[in-house]
Structure formats: C-alpha cells, structure tokens
Amino acid sequence: MAETIGSEMSSITDKSAKIFVAGHRGLVGSAIVRKLHQLGYTNLLLRTHADLDLTRQSDVESFFSTEKPLYVILAAAKVGGIHANNTYPADFISVNLQIQTNVIHSAYIHGVKKLLFLGSSCIYPKFAPQPIPESALLTGTLEPTNEWYAIAKIAGIKTCQAYRIQHNWDAISGMPTNLYGPNDNFHPENSHVLPALMRRFHEAKVGGGEEVVVWGSGSPLREFLHVDDLADACVFLLERYSGLEHVNIGSGVEVTIRELAELVKEVVGFEGRLGWDSSKPDGTPRKLMDSSKLASLGWTPKVSLRDGLRQTYEWYLENVCAANK
Ligand SMILES: NC(=O)C1=CN([C@@H]2O[C@H](COP(=O)(O)OP(=O)(O)OC[C@H]3O[C@@H](n4cnc5c(N)ncnc54)[C@H](OP(=O)(O)O)[C@@H]3O)[C@@H](O)[C@H]2O)C=CC1
Ligand SMILES: C[C@H]1O[C@H](OP(=O)(O)OP(=O)(O)OC[C@H]2O[C@@H](n3cnc4c(=O)[nH]c(N)nc43)[C@H](O)[C@@H]2O)[C@@H](O)[C@@H](O)C1=O
C-alpha cells in the first residue's frame with residue numbers, strides 16, 4: 001500500500017493552532033491534553049460529552065462550523081473491556097460508527113487541516129501473525145467478543161483512507177495496544193483487565209479479603225502501554241506522519257494475564273491468594289503489535305510496566321479512593 005497518497009505533509013508549526021481533542025476527560029484524551037500543554041500548545045478546544053454529544057450529527061456540524069478547529073484528535077468513543085464489548089454489541093458498533101462518521105465528515109467540510117483517528121489492536125484477526133504488522137488488517141476472522149467494536153474501528157480507518165484518496169485530505173489513524181494509566185475506567189465489570197484488577201486487589205487489601213478472583217484461564221497474552229507514552233506517540237504522529245496506512249502503537253512488551261495479576265497484586269500489596277473464574281472468556285489468545293513502523297519513524301516508548309503500574313496505583317489512591325471517602 002502506498003505510504004502517502006496525494007496530500008502534502010501538514011505538520012503543526014503554530015503552537016497556538018486550534019486543536020479539538022474529542023474525549024478530553026477520558027484515559028487517552030486527558031493524557032493527550034497533558035502532553036499538548038507540556039509541549040506548549042495553547043489553544044485546545046474541549047467539550048464534555050454533556051456539552052456536545054458527538055453522536056448528534058447536527059450538533060457536531062454546527063460545532064465545527066462555529067469553532068473551526070485546525071486539527072482534530074478523535075479520542076472520544078464507546079470503550080470497555082471484554083465483558084462490556086461482549087454484552088453491549090449494539091452500543092459498541094453504533095455509537096462508534098456515529099461518533100467517527102460525524103466528526104470526520106464535519107472536520108473535512110469545515111476546513112480542518114489534519115485529523116488523527118484512534119482505533120485499537122482488536123481490529124486484527126484473532127489468529128493474526130505475531131507480532132501483528134499493519135498489513136494483517138482484513139486478512140482473517142475477528143475475535144468474537146469484540147468484533148462489533150472492531151468493525152466500527154476498521155470502518156474508521158477506511159473512512160480516513162477514503163477521504164484522503166477522494167479529497168486529498170490529511171486524515172491519519174493510530175492503532176494503540178491495550179492502555180492504562182490515570183483517568184482509566186475502574187468499573188468492576190465494564191473496565192479493562194488492568195484497572196479492574198487494581199481495584200479488586202485494593203478492595204481486598206483494605207477489606208481483609210483472602211482471595212481475589214481473576215477472569216479466564218490466565219494464559220492470554222496482552223501488551224500494555226502507559227497512556228502517557230500513547231499520548232506522546234499521538235502528538236508525534238500528528239506532527240510528523242501523513243500516510244494512508246494506519247500505524248501500530250505498542251510497547252513491544254507482553255505478559256500473560258497471570259503475570260499481570262501477580263504484578264498488580266505486588267504493586268497494590270495484597271497478600272492473599274489468586275482464584276480463577278473459568279466461566280469468563282479469555283478473548284484473543286495473543287495480540288502483540290508489530291510497532292516497527294512507528295519505531296522507524298523515530299518514536300519509542302519510555303514507561304516500563306512496573307513503573308507505570310506504581311504511578312497508576314498512586315493516582316488511583318489519590319483520586320479514586322480519596323474522592324470516595
Ligand atoms: N483504553 C484502552 O485500552 C484503549 C483505547 N483505545 C482507543 O482510544 C480512544 C479513547 O479511549 P479511552 O480514553 O480509553 O476511553 P474513555 O472511555 O476513557 O474515554 C472516552 C471519552 O469519550 C467520551 N465520549 C463517549 N461517547 C461520547 C459522545 N457520544 N459524545 C461525546 N463524548 C463522548 C467520553 O465521555 P463520557 O465518559 O462523559 O461519556 C470519554 O471522555 C478510543 O478510540 C479507544 O478505542 C485503543 C486501544 C486501547
Ligand atoms: C483494548 C481492547 O480491550 C478488549 O479486549 P481485551 O484485551 O480482551 O480486554 P480486557 O482488558 O477486558 O481483557 C483482557 C484479558 O484479561 C482477562 N481478565 C482477567 N480478569 C479480568 C477482569 O477482571 N476484567 C477484565 N476486563 N478482564 C479480565 C480477560 O478475560 C481477558 O483474557 C476489547 O474488548 C477491546 O475493547 C480492545 O480493543
């Protein structure tokens with residue numbers, strides 16, 4: 001697939017350019033806002049879900065028409081872990097298709113110079129070659145627990161490519177691996193594995209529990225990336241990449257769910273035992289991204305899993321636990 005089709009490389013040179021960060025209160029959006037501020041960007045356009053529901057086409061249209069941002073980072077989406085994806089397939093496909101279609105089309109119509117769309121590693125076939133290269137997209141059957149979300153995300157990549165091809169418009173896509181960090185969702189059922197386990201171990205520690213139950217067999221492998229690294233990679237791509245093909249964003253480090261559970265247990269300081277609930281799905285056996293394309297562009301991650309877990313647990317204690325007291 002050709003690397004760049006038709007469009008010039010449009011990198012942000014003006015730190016006062018208006019940048020719309022959609023989903024700025026979420027895990028990813030909040031990290032991107034921190035990174036942009038840290039890099040000196042001064043003109044961020046932010047709207048809460050309550051202020052602007054991105055599934056409402058006419059509201060999105062009038063927002064872009066009035067505000068006219070120059071850059072867009074699309075980090076608003078319906079997001080959740082394996083249980084949420086498996087339980088609410090209609091929400092995951094329809095909300096994500098609506099948000100991304102509305103935002104991408106209005107951004108194009110109203111003069112946005114460049115848009116970054118975010119997908120996920122679940123776009124790849126369940127049994128893709130490991131590590132998974134970008135070229136594995138649409139080469140096999142998806143993992144059933146998240147195929148609805150994956151189909152929406154694949155449609156997002158294809159929408160960006162179609163606007164680039166037909167309109168010579170600079171829409172790019174980044175595919176993050178499993179993420180974690182401050183402002184994650186710590187819901188007991190609907191969250192991803194890492195925040196779910198952090199909360200469960202913490203509650204068992206303070207409540208004097210003897211066992212923490214982990215879902216599935218413990219054998220699936222997952223690659224984890226701290227969200228501050230992801231945010232750094234997103235800004236890197238916005239500043240330096242203008243290609244047709246999506247770009248994998250991973251850490252290159254994978255652990256089994258059993259190893260992750262042992263690590264979170266240690267960081268939280270829970271001294272009881274682990275139990276396993278085999279009635280819960282394992283999902284994809286392995287999904288390690290091949291991030292060599294991003295590395296060849298000059299980007300590498302910085303945060304180790306152990307350091308990232310410690311920092312996230314501190315954040316959890318200071319922000320989630322303190323707020324609930
Ligand atoms: N978390 C992960 O492990 C991974 C995430 N990604 C991708 O990163 C992106 C961000 O995910 P993440 O930060 O984890 O998700 P979060 O759920 O933490 O944040 C999503 C944000 O989108 C907002 N949002 C949702 N629906 C709407 C809507 N209809 N209108 C306006 N705003 C809305 C949410 O607001 P509110 O909460 O008020 O609804 C929230 O601020 C997504 O595209 C996701 O697919 C990719 C790979 C892994
Ligand atoms: C980012 C990615 O996230 C989702 O895919 P996933 O990687 O399968 O997500 P997960 O974090 O929920 O689970 C990872 C593994 O961990 C196990 N597991 C153990 N104990 C708990 C637990 O307590 N909660 C959860 N959620 N999982 C648990 C769980 O059984 C599974 O084997 C996609 O749906 C989609 O949203 C997507 O793109």
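Ala, Val, Leu, Ile, Met, Phe, Trp, Tyr, Cys and Pro count here as nonpolar, Asp, Glu, Lys and Arg as charged, and the others, Gly among them, as polar. On that basis the shell around ligand 2 has ten nonpolar, eight polar and four charged residues. The model is predicted. It holds an open sheet of six strands and two ligands, with 25 residues surrounding ligand 1 and 22 around ligand 2.

**Ligand 2**

- The nearest residues are Ser 120, Arg 200, Arg 222, Pro 281 and Asp 282.
- Asp 282 uses its backbone: an N or O atom there lies 2.6 Å from an oxygen atom of ligand 2.
- Arg 222 uses its side chain, with a polar atom 2.7 Å from a ligand 2 oxygen.
- Asn 146 also contributes a side-chain N or O atom, 3.4 Å from an oxygen atom of ligand 2.
- On its own, ligand 2 has 690 Å² of accessible area, and the protein covers 98% of that.
- Helix 3 (82-87), helix 6 (193-207) and strand 7 (211-215) are the elements giving two or more residues to this shell.
- Helix 6 supplies the largest share, three residues.

**Ligand 1**

- Leu 27, Val 28, His 49, Tyr 149 and Lys 153 are the closest residues.
- The side chain of Asp 53 places an N or O atom 2.9 Å from a nitrogen atom of ligand 1.
- Two backbones face ligand oxygens: a polar atom of Leu 179 is 3.0 Å from one oxygen atom, and an N or O atom of Leu 118 is 3.5 Å from an oxygen atom.
- The protein covers 83% of the 890 Å² of accessible area that ligand 1 has on its own.
- Elements with two or more residues in this shell are helix 1 (27-38), helix 5 (147-167) and strand 6 (178-180).
- By class, the shell has 13 nonpolar, nine polar and three charged residues.

**Sheet and packing helices**

- The strand order is 2-1-3-4-5-9, with parallel pairing.
- Strand 2 (44-45) and strand 9 (247-249) are the edges, each pairing on one side only.
- Strand 1 (residues 19-22) and strand 3 (residues 71-74) run parallel and are joined by four bridges.
- In this pair, Ile 19 stands opposite Tyr 71 of strand 3.
- Helix 1 packs on the sheet and touches strand 1, strand 2, strand 3 and strand 4 (114-118).
- The direction of helix 1 makes about 155° with that of strand 1.
- Helix 4 (residues 89-109) lies across strand 3 and strand 4. Helix 4 runs at about 170° to strand 3.

Conventions:
Residues numbered from 1 in each chain as written. Chains lettered and ligands numbered in written order. Predicted model: local features only at pLDDT ≥ 70, side-chain atom pairs only at ≥ 80, totals over all residues. Heavy atoms only, no water. Near = heavy atom within 4 Å. Polar contact = N/O pair within 3.5 Å; in protein donor to acceptor, adjacent residues only side chain to side chain. Areas by Shrake-Rupley, 256 points an atom, 1.4 Å probe, with all protein chains shown as cover. Pairing = 2+ DSSP bridges. Contact = heavy atoms within 4.5 Å. Axes fitted to C-alpha atoms, helices over the stretch in contact; angles between N-to-C directions.
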